[in-house]
Every structure is written in structure tokens, then in C-alpha cells.
Amino acid sequence: MLGMLGAGAAGLAAAPYLQRGWEGFLAAASEVDATGLTGLLPDPGGFRYYSVVGSVPHKGETDYMLRVDGLVDRPKTYTLDRLRAMPQTRVVHDVVCTDGWRVAKTPWEGVRLADILDDAGVRSPSAAIRFTCFDGAYTESLTLEQARRSDVLVALNMQDKPITHAHGGPVRLYVAPMYFYKSAKWLSGVSVTDKVVPGYWEERGYAVDGWLDEADRNGDAA
């Protein structure tokens, strides 16, 4: 019995290291996997690793920038330090993918997209937001009303840790009431437009409004 308990305790102690090792393996493999098959493999936290391109550059403290432009009065460029200095909002919500997997009650922290839009001064008439990413391929969109919800974040932390490169860091979009494809990884651009521009997956048949079935579409928060 003592031997079994000792083995169990050792397993628990090793679990965080094993998880980090598996996450690191999947992250590295996904960067050179043009087939996307590594995206079918779950990590211990339940997420999948997936990219629409074969390789994504790494961005960090010295070279990450988020550009806000389009129909705004004050185009802005945000570094990581500048984003961290802004008021932070915490949202805890299920992450749901169209592939059928779900990670329940995932905590996210970051700057409300609405605060960034206010900082840039959205012009009237404006109708939508277009998001671009530094992978060079992925795009997404929201209506201006959707973008101003309090549960839509320019996210810096996931599960109480800085967002890793494999999960779309250092900065990604998080749209709590919608399917996860709306939460663009490797976020680099926020552009205010006069109409909704369909994103990467919408051009391939996905719904432009990717609401979760249980989402409060008229509400302000998850």
C-alpha cells in the first residue's frame, strides 16, 4: 500500500513536468506540420494545436506590436508593455471548438477590445472590425456591437499564465460567446471598417456570426 501511495505521489509531482513536455512537443511539431494532423492530438489541458500555415514567427517583448487603424481618429500601435499597463479584465468561460472539443471554465485576462477602440476613437459611421495576424494568413471579423461586449478581450493571459506562442501568444483575441475560431491567434492588427469582411474560415463556409448555442446574443457579458 505504501509503495502504491508513493508511486501515486510521484506521478502527481511529475504531472506538471510531463504536461509541459507534451505541450512543448506538440507546439514544436505543429510548427513544421503542413498537414495539420498534430491539431488532432489533445494536450493534457484539452486544447488542440492548429495553424493554417506551416510555420509562424515568434514575437515577444522586443518585437511584438498591435496596430489599430482604419476608421479611427487616432491610429495606435501597442507594445506588450503598453497593453499590460491598461486596465485588465478577467473572463472565465468555456472554450468550444467546432471540432467538438470543449475546455470548461477557462480563465482569460487582457484588455477589453472596447477600451482599445475607445482609445483610438472610432469614427462614425463604422460598422465592423477586421482582425489580422502575424502568421500572415489568418483573419477574423466582428460587428462593432459584438466587439464592444465586455467579454471580448485582447488577451494576454490564459489559465493564469502568459499566452504561449502555441496558443496564439503573446497576444490573441478572445471572444467568449462565440466558437473558438473567432478568437484569432497571433493577433497583430485591429482595423475599423465600414462593413463586415469575412475572415479566413468564413471564406471557407463557416458562419460569420459564430455564436455558441448557449450564448446570450443580446447581452453584454458571458
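## A five-strand sheet and a buried pair

V68 stands opposite K76 in β2. Strand β1 (residues 66-70) runs antiparallel to β2, and three bridges join them. Strands are DSSP runs of E with at least two residues, helices are runs of H or I with at least four, and both are numbered from the N terminus.

This is a predicted model, where local features need pLDDT of at least 70, side-chain atom pairs count only at pLDDT 80 or more, and totals for chains, interfaces and linings use all residues. Residues are numbered from 1 along each chain as its sequence is written, and side-chain values use heavy atoms, without hydrogens and water. The predictor's confidence in each residue, pLDDT, goes from 0 to 100. Its mean for the protein is 85, and 79% of residues reach 70 or more. Over residues 1-19 pLDDT stays under 50.

The open sheet has five strands in the order β2-β1-β10-β5-β6, with mixed pairing. Its edge strands are β2 (76-78) and β6, each pairing on one side only. Two strands pair if DSSP finds at least two bridges between them.

E140 and K182 meet through their side chains, in a polar contact of 2.8 Å. Such a contact is a pair of N or O atoms within 3.5 Å; within protein, one must be able to donate a hydrogen and the other to accept it, and residues adjacent in sequence count only if both atoms are side-chain atoms. Both residues are buried, meaning under 20% relative accessible area (exposed is over 50%, partly exposed in between; 1.4 Å probe, protein chains only).

| Residue | Place | Relative accessible area |
|---|---|---|
| E140 | strand β6 (residues 139-143) | 0% |
| K182 | loop between β9 (172-175) and β10 (187-193) | 1% |

How values were computed. Contact = heavy atoms within 4.5 Å.
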